Amino acid sequence: MRDRILAFSVLLPSLLAVGVFVYGFIGQNLWVSLTDWGKDPAQALALRPELRFVGLENYRELFTGFVDVRFRQSVVNLIFFTLFFMAGSLGLGLLLALAVDRAPKGEGFFRTVFLFPMSLSFVVTGTIWRWMLQPQGGVNVLPTLFGLPPLSFPWLATREQVLVFDWNHLPFYTALAVGLVLLYVAYAAHREGERRRFLWALLSAGVLFLWAFTLGRGLKLLPYPETHGFSLALVGVILAAVWQMSGYTMALYLAGLRGIPVEVLEAARVDGASEWQLFRRIIFPMLAPITLSAMIVLGHIALKIFDLVFAMAGLDYAPTDVPAIYMYLLAFRGNQFAKGAAIGILLLLLVAVVVVPYLASQLRKEVRR
Amino acid sequence: MGRVLLYAFLLLMAGFFLLPVYLVVLTALKEPAKITLETVWQWPHPPYWESFRTAWEAFRPKFQNSVVLAVSATLLSALVGSLNGYVLAKWPFRGSGLLFALILFGMFIPYQSILIPLFQFMKSIGLYGNLFGLVLVHVIYGIPIVTLIFRNYYSEIPDELVEAARIDGAGFFGIFRHVILPLSVPAFVVVAIWQFTQIWNEFLFAVTLTRPESQPITVALAQLAGGEAVKWNLPMAGAILAALPTLLVYILLGRYFLRGLLAGSVKG
């Protein structure tokens, strides 16, 4: 009995620390995000500031207020950064894994080379690539070494945007995207013969589409059109991020490829399967769970990306802005703590949307075992 | 034919991964006046070692901060993690599974969501701008991942060993000291490598919670490279200094590095 009490008291300090520093602080942050802290400069830096409850005003301002246009661009940047960073790291990682897996000579060397950026800080990576991507240097003059004309893309310095859309249409596009995902869920459920899930997914998708094309079109977040798009300055940041992280996905895929039993592949070959059929029917399906975990990890990294952007472009450069940067700028440069806290809560929600279903499914799997 | 294409692809990719390193080293070895954009890829003759001396002098206090920070936080958090893992794996009590899950949740949160209360808290207890405040922060937010690694590792140790020691009259700490600890070396290595690299490379807490005199090297490097007028040989030499410790860990202990990577891949 004495030992049991001892055991609990050994764990207790950690429980208290996590309780306060994780749960307590999230609660406090949520409260701060519902106040006007930072609106009045005199109160902003007071040791015991007088806070007034303003409800969801900070959130409303971020999404529809006139001054926070930078926040909205940062959200759009984050969406594009996350998509291209995930696609790039997964694709390159898979290619590298397939190549390394087939290379009998120098396998260890190539693996070490592809994985080493993982050990670096995003700040180091950012500093290096900032220099690589100078408009008149680095990558752009590389072709001249082979007698080719230099590239002229200004990388981080460009202010160009593509895929431009009006912020007012965001609810419409979001509804479309979610609807498409639901349709896919319905399709998968149909194939697995789960009638209930199929009907529910189909019904929700239908309701969403109906809403999008009737009310969703007319919804106005702002009284005026405000355009945002994929800022091309992000291409350089994505390149650097893929350089750093694709070795990690390679390591994951490599472990997965090694886990495929040789007999299965041999049997398929004996049955006359072509290389492509091997990939399509055996290798890719067996790598699917790895792809899912890698997507969770990469998505998690992408959503809170901060140090890489800080090192490559600094805090004050709107074309590469992401919410974590804007949050830091608001809270620790502008003393707008309430609004910064609101962005913190939004990031937490975003990450939760990605991570919680994954954890829940992992947990269910473990229970089933 | 396939072989040739395969190796051509691998070499091309090795170029993509190594060219930045080559550029960093040769830029760091150039005289500031000779860094021009047209000759950016030319190897300097003769190499100019002076920038390393200048960079080392500029970065030495920050480098020392990083060493003190990473080493002390890593040791403390390994100790905490091994005790927590021991309790959760070998002394479970009612609700300990739930508590473990609640601890793990701390691994997934984006730290932006606690940054403002943390900043206020550190200021109010007088640890803002203090290196040991930053150590404390890293130890606390490291609890989830180190607890996870040690708990999973200790779950593999057969309960019979613990039971036998208990029959022999060993208590809670006796079992830890004589049965668990001697078996823990691999777990300690994995946790130490993981935490050391994480803390050395960390930036968000460091830039928010330190003053210039307590800055780790990542913050100093980001600020130096962010300045417009600076010549590029210094940030590049600084980048090499900032990268060297974790790079050495990776090259010398790559196997364990990978294991930590796969165990803690969703950490915040």
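Read along the sequence, chain B runs α-α-α-α-α-α-α-α-α-α-α-α. That pattern reflects twelve helices and zero strands in chain B. Chain A, by comparison, holds 14 helices and two strands. The model is predicted. The two chains meet through 66 residues of chain B and 75 residues of chain A.

**Chain B: size and burial**
- Chain B has 268 residues, and 48% of them count as buried.
- Its C-alpha atoms fill a box of roughly 75 × 65 × 30 Å along the principal axes.
- Take the contacts in chain B with a separation of 6 or more: residues 24 or more positions apart account for 78% of them.

**Chain B: two domains**
- Domain 1 of chain B covers 1-48, and domain 2 covers 53-263.
- The C-alpha centres of these two domains of chain B lie 34 Å apart.
- Six residues of domain 1 of chain B are in contact with seven residues of domain 2 of chain B.
- On the domain 1 side of that contact, four residues are nonpolar, one is polar and one is charged.

**Chain A: size and burial**
- Chain A has 369 residues, of which 39% count as buried.
- The C-alpha atoms of chain A fill a box of roughly 75 × 70 × 60 Å, again taken along the principal axes.
- Among contacts in chain A between residues at least 6 apart in sequence, 73% join residues at least 24 apart.

**Chain A: helix α1**
- Helix α1 of chain A spans residues 2-33, a run of 32 residues.
- From first C-alpha to last, helix α1 of chain A reaches 45 Å, close to the 46 Å expected at 1.5 Å a residue.
- α1(A) has a kink of about 35° at L12(A). The proline P13(A) comes shortly after this kink.
- The buried residues of α1(A) include A7(A), L11(A), S14(A) and V18(A). Further along, F21(A), V22(A), F25(A), N29(A), V32(A) and S33(A) are buried too.
- Some of this spacing recalls a general rule: an α-helix has 3.6 residues a turn, so residues three or four places apart point the same way.

**Where the chains meet**
- The contact between the chains joins 66 residues of chain B to 75 residues of chain A.
- Helix α1 of chain B, residues 2-28, gives the largest share of the chain B side, with eleven residues.
- By class, the chain B side divides into 51 nonpolar residues, 14 polar and one charged.

**Nonpolar cores**
- The largest nonpolar core has 173 residues. Within this core, F81(A) and V309(A) touch the most other members.
- Helix α5 of chain B, residues 131-155, supplies the largest share of this core, 15 residues.
- Both domains of chain B, domain 1 (1-48) and domain 2 (53-263), give residues to this core, so it lies between them.
- Leaving out residues up to four places away in sequence, V309(A) touches V237(A), T320(A), V322(A) and I325(A).
- Another core, of seven residues, lies apart from the largest one. Among its members are A186(A), A201(A), A205(A) and A212(A).

Methods. Residues are numbered from 1 along each chain as its sequence is written. Chains are lettered from A and ligands numbered from 1 in the order in which they are written. This is a predicted model: local features need pLDDT of at least 70, side-chain atom pairs count only at pLDDT 80 or more; totals for chains, interfaces and linings use all residues. Helices (H or I, at least four residues) and strands (E, at least two) are DSSP runs, numbered from the N terminus. Ala, Val, Leu, Ile, Met, Phe, Trp, Tyr, Cys and Pro count as nonpolar, Asp, Glu, Lys and Arg as charged, and the others, Gly among them, as polar. A residue is buried if 20 or more other C-beta atoms lie within 10 Å of its own, exposed if 12 or fewer, and partly exposed in between; C-beta atoms are placed from the backbone. Domain bounds come from an automatic or database domain assignment. The expected span of a helix is 1.5 Å times one less than its number of residues. The bend at a residue is the angle between axes fitted to the seven residues ending there and the seven starting there. A nonpolar core is a set of buried Ala, Val, Leu, Ile, Met, Phe, Trp, Tyr and Cys residues joined through C-beta atoms within 7 Å.
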